[in-house]
Amino acid sequence: MQKEITLEMITPRGTILQQTVSYVQLPTKLGLIGILADHAPLISALDIGVVTYRPVGAAEKKAAISGGFLEVRDNKVVVLAPTAELADHIDLERAKAAYERAQQRLKNPTQDIDVDRARAAMFRALSRMRAKNTVR
Ligand code: ATP
């Protein structure tokens, strides 16, 4: 029988996902990482991006995260993220509006604009749109 992994996604608001999966791909600070059963123990910093996972016996799913930390041990993958949303819970119009707002700030960087903050907001919005499969 194929070995399984338990994927847990935890935000300050609580656990948003606890599911048995056969595969999970995550955006670490060092690039994308794919986790299958029996992966070596790992702790890594996460980047803003999309988590892709395949629930056992179901189609691939996606979630957006805004960074955080990853722990892999004993076929359990724990994602601790400041914010995270499963694709079904993402408000696409809100993400599009946040993306436009950030773009405008980056196009017209006046003195009171925090460019790093605007860039992070743009990547969060882009990840939410990508988790919804609306942009590549
Ligand atoms: P916005 O400017 O739209 O608030 P943001 O990137 O600044 O976007 P965050 O600070 O990352 O928002 O998130 C604040 C809260 O709102 C978190 O709980 C997050 O999960 C939720 N959230 C943010 N954007 C969306 C979205 N498009 N759909 C669903 N939930 C969202």
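The domain bounds I use today come from an automatic or database domain assignment. The model is a predicted one, so please keep that in mind.

The assignment gives domain 1, residues 5-87, and domain 2, residues 91-131. Between their C-alpha centres the distance is 24 Å. Where the two meet, 10 residues of domain 1 and 7 residues of domain 2 take part.

Now the interface itself. The size of an interface is often given as the accessible area lost when the parts come together. Here domain 1 and domain 2 bury about 640 Å² between them, and 68% of that is on carbon and sulfur atoms. Which three residues supply more than any others of the area that domain 1 buries against domain 2? They are I48, V50 and A64, with 56% of that area.

As for polar links, there are 3 residue pairs in polar contact across the interface of domain 1 and domain 2. On the domain 1 side, β4 (42-55) and β5 (61-73) are the elements giving two or more residues. Of the elements on that side, β5 gives the most, with 4 residues. By type, the domain 1 side that touches domain 2 divides into 5 nonpolar, 3 polar and 2 charged residues.

The count of salt bridges between the two domains is 1. On salt bridges, E85 pairs with R128, with the closest N and O atoms 2.8 Å apart.

Next, S127, in helix α2, residues 115-131. Is S127 buried or exposed? At a relative accessible area of 4%, S127 is buried, because the cut-off for buried is under 20%. Neighbours within four places in sequence aside, S127 is in contact with I48, G49, V50 and A64. I48, V50 and A64 are also the three residues I named for the buried area.

Compare R105, which is in helix α1, residues 92-107. R105 is partly exposed, at 41% relative accessibility. Apart from neighbours within four places, R105 is in contact with I113 and A118. From R105 to G49 there are 56 residues in sequence and 21 Å in space, C-alpha to C-alpha.

V115 belongs to helix α2. From V115 to R105 the separation is 10 residues in sequence and 7.7 Å between C-alphas. The contacts of V115, again without neighbours within four places, are L106 and P109. V115 is partly exposed, with a relative accessible area of 30%.

Last topic, the remaining salt bridges. Side chains of opposite charge can pair when their charged atoms come close. How many salt bridges does the structure hold? The total is 8, and I will go through some of them.

E60 and R54 form one, with the closest N and O atoms 3.6 Å apart. E60 is partly exposed at 41%, and R54 is partly exposed at 36%.

In helix α1, K96 and E93 meet at 3.7 Å, N to O. K96 and E93 are 3 residues apart in that helix, about one turn. K96 is partly exposed at 36%, whereas E93 is exposed at 53%.

In helix α2, R119 and D116 form a salt bridge, with the closest N and O atoms 4.0 Å apart. R119 and D116 are also 3 residues apart, so about one helical turn separates them. R119 is partly exposed at 41%, and D116 is exposed at 57%.

That is what I have on the two domains and the salt bridges.

Definitions and conventions. Residues are numbered from 1 along each chain as its sequence is written. This is a predicted model: local features need pLDDT of at least 70, side-chain atom pairs count only at pLDDT 80 or more; totals for chains, interfaces and linings use all residues. Side-chain values use heavy atoms; hydrogens and water are left out. Buried means under 20% relative accessible area, exposed over 50%, partly exposed in between (1.4 Å probe, protein chains only). Contact means heavy atoms within 4.5 Å. Buried area is the accessible area (1.4 Å probe) that two parts lose on being put together, summed over both. A salt bridge is a side-chain nitrogen of Lys or Arg within 4 Å of a carboxyl oxygen of Asp or Glu. A polar contact is a pair of N or O atoms within 3.5 Å; within protein, one must be able to donate a hydrogen and the other to accept it, and residues adjacent in sequence count only if both atoms are side-chain atoms. Ala, Val, Leu, Ile, Met, Phe, Trp, Tyr, Cys and Pro count as nonpolar, Asp, Glu, Lys and Arg as charged, and the others, Gly among them, as polar.
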